[in-house]
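Hi there,

Here is the structure I promised to pass on to you. Have a look at it first, and then read on for my notes on its charged side chains.

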Amino acid sequence: MKRLLLNFVFLFASLAAFAAGVQESIFKFASDSTLRAASLGISVVRISDCVEIAGCNSRIAQIPASTMKSLTSATALAVLGSDFTFKTEVKLVGKLKKNRLEGSIVVCGGCDPTLGSKYIDGQPDIIVEIVDALKARGIRKVKGAILFSPDESTVMSIVPTWMMEDLPLDYGAGVYPFNYKDNAFDLSIEMADAEVLGTKAVPADVDFDVVNHCVLVDSTDVFATSYPEIMRFPEDRYFHIYGNMLPGTRTLSFNCSMPSPQSYFLRSLEKALREANIDYDYNEDSALDNTDDSTLLLTHQSVPLPEIVRSLLYRSDNMFTQALLMTVGHHFCGSYNATEGIKAVYRFWKDAGLDVTALWMKDGSGLSRNNKVSAEFLSKMLALSQSGTIGDVNFAALFPRLGVDGTVKRFMGGTPFAGKICMKSGSMGEVQCYTGYFPADEPQYTITFLVNNFGCSRSELHSKLESMLLSLLPALQ
């Protein structure tokens, strides 16, 4: 009995010393003078029992930036399942007369963010699929219309709390029941003496226009000139450019959000039909949209959900993530609705035993600065997602590894722990966050750092975070 008691005392003392070593590394980081005005949240949770073993302000909600994607992804995998695929149905509505369709081709969007995406390899082109399926049925003429169900105008594609300056850029792209080509395009604007000479879009058939507000200034004062900014109002096809410009020519380049993926897809499909010698005769009187009386032409299927999650976590893709949130909403209410998706996230994790009072969720991607979450919530959410109590996916295997992959390729690179810890990063103005697993191969712990309003450069903060991890991780081995 005495030996058993001594063993217990020794084990308790060892665990206490272990936790103290981890806590000391955290406190040393938190006491850095450049972080006096910062808002910090740090949490280390043991996966086996979902218990926090060390932390600092771990229950205080902070802006999480793109680490919010880990929450949306975990919820989608748990709710929709690891074998879930997005499905886009194409139906024929109307009368088939020999080789002619009098009616409509109706594309039934399933909120698939990967249609035509340059980030998903090996998936078939839905336009090629439609053309091939029409030819296989012997259809050589379509008299009617190409329609979408539901129409993109019926859905709020963006989040009201996103900042206006984000909306014209690719990372601020809206999400619709039908998405195409990442809902983004590259825009080049040729300028001379602050006047627009011409524009070029890649891909080429995007419907847009540029409104020039730039002002010509004759000054070498660096404060009088700047790289012009671009703005676009929600659901508008007009891109507005602003700024002071010196005399001369220059090319402005922007990665932009696509005003209407539906319209771009429609033009692309019409072009493909012509090239395949299928006559498309738009006729409003012949257009029909009653899909209850229809013939299924084809069903396009995405890659499985875990592959989509891996892609978005590696690249920090806002559009992919927001599509997952809207699809979770659809799972419960039957419409692609981000608000319903957020409600589902709260219900799911409350039922899983987490304290959702530490969560203020405004979108699925973390682009909104109105998102707030505690470090403890994120760490415990990741622990539950990995422990097997929620879902059947090795969630950690979908995360990029520090110093090796994706958006975290440079962080911890060249250190002994490069490739041995996997984390999702998140950053915006005065915000730097990480959440993930250690060790990467067989996770035993989840680690979350949320740093808001730091008083040093981002590169200096990365160095301080690296130093903390190099001190902390050996104690967790």
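Arg 100 is partly exposed, with a relative accessible area of 27%. In this predicted model, Arg 100 forms a salt bridge with Glu 102, and their closest N and O atoms are 2.3 Å apart. Glu 102 has a relative accessibility of 18%. The cut-off for buried is under 20%, so Glu 102 counts as buried.

A network also turned up: Arg 59, Glu 376 and Lys 380 are joined into one by salt bridges that share partners.

How many salt bridges does the structure hold in total? The count is 12. One of them pairs Lys 464 with Asp 32, with 3.1 Å between the closest N and O atoms. This pair is worth finding on your screen, as it links distant parts of the chain, 432 residues apart. Lys 464 sits in helix H9 (residues 458–476), while Asp 32 lies in the loop between helix H1 (2–30) and strand E1 (39–46). Are these two partners buried or exposed? Lys 464 is partly exposed at 23% relative accessible area, and Asp 32 is partly exposed too, at 22%.

Arg 46 and Asp 49 form another salt bridge, where the closest N and O atoms are 2.8 Å apart. Here Arg 46 is partly exposed at 25% relative accessibility, and Asp 49 is partly exposed at 38%.

As general background, side chains of opposite charge can pair when their charged atoms come close.

Enjoy exploring!

Best wishes

Conventions: Residues numbered from 1 in each chain as written. Predicted model: local features only at pLDDT ≥ 70, side-chain atom pairs only at ≥ 80, totals over all residues. Heavy atoms only, no water. Salt bridge = Lys/Arg side-chain N within 4 Å of Asp/Glu carboxyl O. Helix = DSSP H or I, 4+ residues; strand = E, 2+ residues; numbered from the N terminus. Buried < 20%, exposed > 50% of the residue type's maximum accessible area, 1.4 Å probe, protein only.
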